[in-house]
Amino acid sequence: MNQNKPHVAEQPPAQVADASISDQVARLLAGERRAIASAVTELERLSTSAPALLRALQPHLGRALVIGLTGPPGAGKSTLVNALIRHARTQNLRVGVIAVDPSSPISGGAILGDRIRMTAALDDDGVFVRSLASRGYLGGLSPAAVRIIDALDAAGFDLILLETVGTGQSEVDVAEVADIRIVISAPGLGDDIQAMKSGLLEIADILVVNKGDRDGAERTMQQLMGALSIRAGNRSEVPVLKTTATTGAGVPELMTAIEKIGQPILAENAVDRRRRRARYLIARAAADLVAQRIKSDKDGGVDKLADEILTGQLSPTDAARKLITP
């Protein structure tokens, strides 16, 4: 009796991996929540399969409108995101949320903060929320967020809400990534409003005064409109809106403003919009490489440049050019 089993040709590992990614992408395109979550995780940690996954997603990108929400701490960003989710869902819009939180100094993971306030995402397959750690990036944004935008875009989400860390005027990275930038303030924040005027104001497509039921809301609106009026260009055309996220007041008007600004943006070439996000990734990666080179300097070359700066022989810009020029 012949005990030999039929020979089954084994597929090369690359073919097996390609088949696995094709299956994952097919399930993601079908809106399968587990596949979306798996793809987001792979792209967040930049696993070995992430490049192939990004390539497989390419034909399905460019449909979502990416909305960045930023502003000083205490402005109620997460509560307003929750209110926007609720309103968008009444219009049958699918919403993806990327919430960039401060990093734990111990584990490096996200400190979830008031992500628990996003109750509109509970038990709704039309909403997907992922919290990311900022990993110490001072611009309020993690580069992983850009990769995750692609996963949510391919999965068919109409709106992608990108909420940044909330550290103040340094949060300008969102301007390079989002299609629409919403800067949120609130009455009673004192010096934070002054700081915002000289920082975040320049990147805003829409200004929102949240917690509009509080004393001082109208005054804050007037301050922001006054600050816009003295800015160069078309800053005076930026809408300044008032919302009360806890009750939903003003949220329909905010959504109308988003739609008005978003329509011509979605009509643009999707490649150009995505190329802007890629340029951000290049800039971040280049900055990281330079920082790592400075930290790991062992031959004293960086110290020599530092001494030349201190003695006035070189400007910091010239020193940086010497550092990065092959």
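Which residue in β5 is the bridge partner of Leu69? The partner is Ile182. This pairing belongs to a predicted model, and the report starts from the strand that holds Leu69.

## Strand β1 and its partners

Strand β1 spans residues 65–70. Burial covers 6 of its 6 residues. Leu65, Ile67 and Leu69 point one way from β1. Val66, Gly68 and Thr70 point the other way. Both sets are buried. In a regular strand, side chains alternate between the two faces of the sheet.

β1 pairs with two strands named here. With β4 (residues 159–163), the pairing is parallel and runs over 5 bridges. There, Leu69 stands opposite Glu163. With β5 (residues 180–185), β1 is also parallel, joined by 4 bridges. Leu69 thus has a place in both pairings: opposite Glu163 in β4, and bridged to Ile182 in β5.

## From β5 to β7

The pairing carries on past β5. β5 and β6 run parallel, with 4 bridges between them. Val183 stands opposite Leu207 in β6. β6 is in turn joined to β7 (residues 240–242) by 3 bridges, again in parallel. The bridge partner of Val208 in β7 is Leu241.

β6 is covered on both faces. Ile206 and Val208 lie on one side, Leu207 and Val209 on the other, and all are buried. Leu207 also appears among the residues with the most contacts inside the largest nonpolar core.

## The chain as a whole

How many helices and strands does the chain have? There are 12 helices and 7 strands. The chain has 326 residues, and 47% of them are buried. Its accessible surface is about 16,900 Å². Carbon and sulfur atoms hold 54% of that surface.

Sequence-distant contacts are well represented. Among contacts with a separation of 6 or more, 76% link residues 24 or more positions apart.

## Nonpolar cores

The largest nonpolar core has 50 residues. Leu28, Ile36, Leu57, Ile98, Leu152, Leu162 and Leu207 have the most contacts inside this core. Helix α5 (residues 144–154) gives the most to the core, with 8 residues. A second, separate core has 30 residues, including Leu80, Ala83, Val95 and Leu159. In soluble globular proteins, nonpolar side chains tend to be buried together.

Leu57 shows what such a residue touches. Leaving out residues up to four places away in sequence, Leu57 touches Val25, Leu28, Leu43, Asp150, Ala151 and Ala154.

## Ala39 in helix α2

Is Ala39 buried or exposed? Ala39 counts as buried because its relative accessibility is 0%, and buried means under 20%. Ala39 is found in helix α2 (residues 33–44). Beyond residues up to four places away in sequence, Ala39 touches Gln24, Leu28 and Leu53. Leu28 is on the contact list of Leu57 too.

Ala39 can also be set against a residue remote in sequence. Ala39 and Arg147 are 108 residues apart along the chain. In space, their C-alpha atoms are 10.0 Å apart.

## Two residues with positive phi

Most residues other than glycine have a negative phi. Asn92 departs from this, with phi near 60°. Asn92 lies in the loop between α4 (77–90) and β2 (95–101). Asn92 is exposed, with a relative accessible area of 65%.

Lys211 is another case, with phi near 60°. Lys211 sits in the loop between β6 (206–209) and α8 (217–229). Its exposure is partial: the relative accessible area of Lys211 is 22%.

## Cavities

Rolling a probe the size of a water molecule over the atoms shows where empty space is left. How many cavities of 30 Å³ or more are counted? The count is 2. The largest cavity has about 40 Å³ of space.

Gly31, Arg33, Ile36, Arg94, Asp125 and Phe157 line the largest cavity. Ile36 is therefore a shared point: this residue lines the cavity and is also among the residues with the most contacts inside the largest nonpolar core.

Conventions
Residues numbered from 1 in each chain as written. Predicted model: local features only at pLDDT ≥ 70, side-chain atom pairs only at ≥ 80, totals over all residues. Heavy atoms only, no water. Buried < 20%, exposed > 50% of the residue type's maximum accessible area, 1.4 Å probe, protein only. Contact = heavy atoms within 4.5 Å. Areas by Shrake-Rupley, 256 points an atom, 1.4 Å probe, with all protein chains shown as cover. Pairing = 2+ DSSP bridges. Core = buried A, V, L, I, M, F, W, Y, C linked by side-chain atoms within 4.5 Å. 1 Å grid on protein atoms, 1.4 Å probe; cavity = no way out; pocket = protein on both sides within 12 Å on 5 of 7 lines; lining within 4 Å. Points joined across faces, edges and corners; volume = space filled by probe spheres on them.
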